[in-house]
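Me: Please take a close look at one part of this model. Give me the numbers, with the cut-offs behind them.

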Amino acid sequence: MKSPELATLEKDYWELESGVVRHRLNPKSFWIPDEDTRNNLHKGAAAKLLFMIENENENGEIHRGCERMWVIVLSSESNFYFGVLDSDLDSVESEIGSLQRGSKLWFKSEHIIAIDQPPAGYLKESYPDEFAS
């Protein structure tokens with residue numbers, strides 16, 4: 001596994017947006033889980049993240065949009081989580097750089113805007129290499 005590194009718009013055509021910053025800007029309308037919960041996810045937890053995605057239209061114009069997508073936690077290292085994207089992109093028809101369902105990525109607790117726990121059967125069926133046992 002490579003060292004923790006966050007994606008950037010310049011290199012990957014997408015990056016993660018901070019849920020903490022969004023919450024600070026709109027505390028009444030943008031709720032996020034508390035810090036302790038976000039800092040203590042375990043393997044198999046689902047974290048919803050904000051993906052800022054950049055793409056080019058047929059006229060060559062660059063557009064940026066934000067999508068909320070689920071990532072399944074596979075492991076953690078230092079203050080990073082490593083996970084697999086468990087959502088399809090809605091804003092574009094094809095993959096963006098290295099981003100598509102099944103892509104593996106690093107993220108931090110500040111990026112988490114929601115948490116869920118998928119059923120064990122779903123995890124084993126969808127990601128047998130990571131959840132076979």
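**The largest pocket and its setting**

Reply: The lining of the largest pocket splits into 6 nonpolar, 2 polar and 5 charged residues. Here nonpolar covers Ala, Val, Leu, Ile, Met, Phe, Trp, Tyr, Cys and Pro, charged covers Asp, Glu, Lys and Arg, and the others, Gly among them, are polar. The model is predicted: local features need pLDDT of at least 70, side-chain atom pairs count only at pLDDT 80 or more, and totals for chains, interfaces and linings use all residues. Numbering runs from 1 along each chain as its sequence is written, and side-chain values use heavy atoms, with hydrogens and water left out.

The lining has 13 residues. Nearest the pocket's centre are Lys2, Glu5, Lys104, Leu105 and Trp106. Two elements, α1 (9–12) and β5 (104–107), give two or more residues each. β5 gives the most, with 3 residues. The pocket holds about 210 Å³ of space. (A pocket is an open set of points on a 1 Å grid where a 1.4 Å probe fits, with protein on both sides within 12 Å along at least five of seven lines; lining residues have an atom within 4 Å of a point. The volume is the space filled by probe spheres set on the points.)

How far can the coordinates be trusted? Mean pLDDT, the predictor's confidence from 0 to 100, is 91 for the protein, and 93% of residues score at least 70. Of the elements, α1 has the lowest mean, 90, while strand β6 (residues 112–116) has the highest, 98.

Just past α1 sits tyrosine 13, in the loop leading to β1 (14–17). Its phi is near 70°, positive although the residue is not glycine. Tyrosine 13 is partly exposed because its relative accessibility is 44% (buried is under 20%, exposed over 50%, partly exposed in between, with a 1.4 Å probe and protein chains only).

Serine 78 also has a positive phi, near 55°. Serine 78 lies in the loop between β3 (62–77) and β4 (80–85). It is exposed, at 75%.

Now arginine 38, in helix α3 (residues 35–38). It counts as buried because its relative accessibility is 7%. Beyond four places in sequence, its contacts (heavy atoms within 4.5 Å) are Val20, Ile32, Pro33, Tyr81, Ser109, Glu110, Ile112 and Ile115. The arginine 38 side chain reaches the backbone oxygen of serine 109 at 3.1 Å. From arginine 38 to serine 78 is 40 residues in sequence and 14 Å in space, C-alpha to C-alpha.

Terms used:
Helix = DSSP H or I, 4+ residues; strand = E, 2+ residues; numbered from the N terminus. Polar contact = N/O pair within 3.5 Å; in protein donor to acceptor, adjacent residues only side chain to side chain.
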